[in-house]
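Colleague: Here is a model I would like to go through with you. Please take one loop as the starting point, look at it closely, and then work outward to the other parts worth checking.

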Amino acid sequence: MQTIEVALKVPIDHFFDYRVPDGETVTPDDVGRRVRVPFGTKTKIGIIAGISENGDSPRDALRPIDAVLRDEPPLPPDWFSLCAFCADYYQAPLGEVMLSTLPVAFRRDAPPKARCAGKILPKAPASGAPPPELTREQREILEKIAENAPGFKAWLLHGVTGSGKTEIYLRLIERTLAEGRQALLLTPEINLTPQLENRIKERFPEAGFACLHSELGEPARARNFRAAASGDARVVVGTRLAVFTPLPELGLIVVDEEHDASFKQQDGVRYSARDLAVFRASERKIPIVLGSATPSLASWANATDAAKTSAPRRYALLSLRERAVKKARLPEVRCIDTRKEKLREGLSGALLAAIDKRLQNGEQSLIFLNRRGYAPVLVCAYCGWVSHCERCSANLVVHLADQRLRCHHCGGEQRIPKACPVCGNQDIQPFGRGTQRVEAALTEYFPEARILRIDRDSARSRKQWEAFVERITAGDADILVGTQMLAKGHDFPGLTLVGVLGADAALFSADWRAPERLFAQLMQVAGRAGRAEIPGEVLIQTQFPDHPLYAAITRHDYPSFADALLEERRQAGFPPYAYQAILRAEAPRMADALAFLAAAKENAESHKSLKSGDPREGAAENVFVYDPVPMRMARLANLERAQLLVESPSRRALRDFLRVWRIAVGAIKAPHRLRWHLEVDPQEV
Ligand code: ADP
Ligand code: ZN
Ligand code: ZN
């Protein structure tokens, strides 16, 4: 009798055994194909993970499969090993990993529509413009990479914005295509894909191209996935999920803006697409290039730490020190000391003057403020009432444009009250400022100027975003007010001034990763200024003009800033010098969440009693378990949240421990409405 192992999307760690009914034969070729099976009272779509003849389970104990779905090519072995690594590393059930990475259509019973590859791969007109002649730096980098090819090598490409990283990606793709292989490019933001897509299509008009990101409709996603899996698409550009795309002839992976937090999946299977991409490249024995102007500290450590030189997955550092276009200089960055001056609606005289000058010259300015809405809170000065979300430990943000108070965490909203709900005082005031308020202030100062506000409220869809980009590029705007949405990767030739507001808060945040993020954001946003012929200027309004972070920004000096931060991390024993996982629990009552975590901790401590060198898995000598604590934002949408941090100087020790501990945690009796999850390498602690 044939027994087949089926991966199903259920939160259970093992595969499920089924038998093959009489009249049906399943061959080894079917491993990786979809299969329909009965499960409980329903049917489910799964993936065939293995076949054995004469399985030892008695025949009647196993249910028969319904049918093997042979309308798609089987998922390849390297896709299996990627999923297996992901499941093991991130402590997620393998079946869930496998099924959740497939387009929805592949998880449904109805077979996806027939292929129409020709249509889905529109050929772009060639731009006609020949590729630029490489700079010396670019040439040397490409030579280095070529010398190491073929085979696995992880390269960290550090280069300021505009230094020509994308040109390097394009040349590498060109080589890959010439070798008859496929290239995979991961980008953090769907907003960034259009520009990149266009550059790729222009450069390689003949190559099949497919993009994969969350704003694609499901049919398009299924088609593009299939085009990649069949080899019709030669270049695939996508966001984090695309790391799982089957690519039979994969020859190159590029991760652009590798430091970006959105490579980390924040729910379900909490993987890092960047780290999985490195694993995938090593398995496939191909080069991978991680590019950024401000690499993550983890990658920087991987590429620069002498202590790690012997580690097998260590990165090699490549640097682009100058902007690619000869005339384009890096913008001049200065701090405006706001302690010495009374600001007008948060704007300093120097910044207003600088904007005015740009208006005279017909150039564009960008005011960067990472807070949307009109004001972060509404306050009654008489009794001290503040607009607080009833469901979260957070304030309701004032959105004056549509007269709403909104919670940016749970999405709850209400009308702005006319009077204080506690004391009836009618003079309640918005406190602090967000993008809408800055926009309003600028409209007063510069009534003639065309002002565009760009944040998640004004640019909700990719279409709206593209319309904005078009307007800005066409010079149809004078002042842009925006959040980090605007900071990333975009090339606006008329933009010569960037003003930064409200950055100080991140300098002293309780989150020790905040400076790393702030630095990256400021470097990104500074990179928007002066990309073309006119040099740019960046003005940072701050009360701490002497802070080392700003000093490093003004010098455009990522390496020394990163080295200093890494030294602090090393001394404090923080990542990347420690490996962490976090167990989070949420429940209607905080006491329940904490009690659950306390039980989990107790269980962890019981592993600790194992002797050093104990052959049993889960020996936890090297693993430190902290106390359960409420999360910084303890309440979200009426649920109380708490967390338990575990840490180890050894990645391996942590993983061995987690394998065992997760099962034990799953066995803890928890109140009915409690939910928990485990996150490995959490970004926020
Ligand atoms: P990055 O990806 O590092 O921001 P890009 O590759 O987008 O940089 O290059 C920035 C600008 O410089 C682009 O307009 C690009 O066309 C141009 N560029 C890149 N390499 C060269 C080169 N070797 N010679 C001239 N221009 C170049
Ligand atoms: Zn009041
Ligand atoms: Zn809320």
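Where does lysine 285 lie?

Modeller: This is a predicted model. Lysine 285 lies in the loop between helix H9 (273-284) and strand E11 (287-292). Its phi is positive, at about 60°, although lysine 285 is not a glycine. Most residues other than glycine have a negative phi. With a relative accessibility of 57%, lysine 285 counts as exposed, because the cut-off for that class is over 50%.

Helix H9 also borders a second loop, the one between strand E10 (250-256) and H9, and glutamate 257 lies there. Glutamate 257 counts as buried, at 10% relative accessibility. Its C-alpha atom is separated by 5.6 Å from that of glycine 291, which is 34 residues away along the chain. The side chain of glutamate 257 also makes a polar contact of 3.1 Å with the side chain of glutamine 524. So the two loops that border H9 hold an exposed residue, lysine 285, and a buried one, glutamate 257.

A positive phi is found at asparagine 638 too, near 70°, and asparagine 638 is likewise not a glycine. This residue sits in the loop between strand E26 (629-636) and strand E27 (639-648). At 36% relative accessibility, asparagine 638 is partly exposed.

Next come the cis peptide bonds. Most peptide bonds are trans. One cis bond joins alanine 149 and proline 150, with omega about -10°. Proline 150 is in the loop between helix H5 (136-148) and strand E6 (153-159). Another cis bond runs from proline 575 to proline 576, where omega is near 5°. Proline 576 belongs to the loop between helix H16 (558-572) and strand E24 (579-587).

The ligands come next, beginning with ligand 1. Its surroundings comprise 17 residues, and the closest are Glu133, Gln138, Gly162, Thr166 and Arg199. By type, the shell divides into 5 nonpolar, 7 polar and 5 charged residues. Helix H6 (residues 165-178) gives the most to this shell, with 3 residues. Oxygen atoms of ligand 1 pair with both backbone and side-chain atoms of the protein. A polar backbone atom of glycine 164 is 3.0 Å from a ligand oxygen, and a backbone N or O atom of glutamate 167 also lies 3.0 Å from one. For arginine 199, an N or O atom in the side chain is 2.7 Å from an oxygen of ligand 1. On its own, ligand 1 has 550 Å² of accessible area, and the protein covers 77% of it.

There are also zinc sites. The zinc ion that is ligand 2 is coordinated by the SG atoms of Cys380, Cys383, Cys420 and Cys423, at 2.3 to 2.4 Å. The angles among these 4 donor atoms are 104 to 114°, and the site is tetrahedral. Along the chain the donors follow the spacing C-x2-C-x36-C-x2-C. Cysteine 380 is in strand E15 (residues 377-380), while cysteine 423 is in the loop between strand E18 (413-415) and strand E19 (428-431), so this pair ties together parts that are 43 residues apart in sequence. Cysteine 380 is buried, with a relative accessible area of 1%, whereas cysteine 423 is partly exposed at 34%.

The zinc ion that is ligand 3 has Cys389, Cys392, Cys407 and Cys410 as its protein donors, each through SG, at 2.3 Å. The arrangement is tetrahedral because the 4 donor atoms subtend angles of 106 to 113°. The spacing of these donors is C-x2-C-x14-C-x2-C. Distant parts of the chain are linked here as well: cysteine 389 is in the loop between E15 and strand E16 (397-399), and cysteine 410, 21 residues apart from it, is in the loop between strand E17 (404-406) and E18. Cysteine 389 is buried, with a relative accessible area of 5%. Strands E15 and E18 therefore appear in the description of each zinc site.

A last residue to check is isoleucine 47, in strand E4 (residues 42-53). Isoleucine 47 is buried, at 0% relative accessible area. From C-alpha to C-alpha, isoleucine 47 and valine 236 are 24 Å apart in space, with their positions 189 residues apart in sequence.

Conventions
Residues are numbered from 1 along each chain as its sequence is written. Chains are lettered from A and ligands numbered from 1 in the order in which they are written. This is a predicted model: local features need pLDDT of at least 70, side-chain atom pairs count only at pLDDT 80 or more; totals for chains, interfaces and linings use all residues. Side-chain values use heavy atoms; hydrogens and water are left out. Donors are N, O and S atoms within 2.8 Å of the metal (3.2 Å for Na, K and Ca); water is not among the atoms, so sites may look incomplete. Four donors count as tetrahedral if all angles lie between 85 and 135 degrees; four count as square planar and six as octahedral if opposite donors are over 155 degrees apart and all others between 65 and 115; anything else is irregular. Helices (H or I, at least four residues) and strands (E, at least two) are DSSP runs, numbered from the N terminus. Buried means under 20% relative accessible area, exposed over 50%, partly exposed in between (1.4 Å probe, protein chains only). A residue is near a molecule or strand if one of its heavy atoms lies within 4 Å of it. A polar contact is a pair of N or O atoms within 3.5 Å; within protein, one must be able to donate a hydrogen and the other to accept it, and residues adjacent in sequence count only if both atoms are side-chain atoms. Accessible areas come from the Shrake-Rupley method with a 1.4 Å probe; for residues, only the protein chains shown count as cover. Ala, Val, Leu, Ile, Met, Phe, Trp, Tyr, Cys and Pro count as nonpolar, Asp, Glu, Lys and Arg as charged, and the others, Gly among them, as polar.
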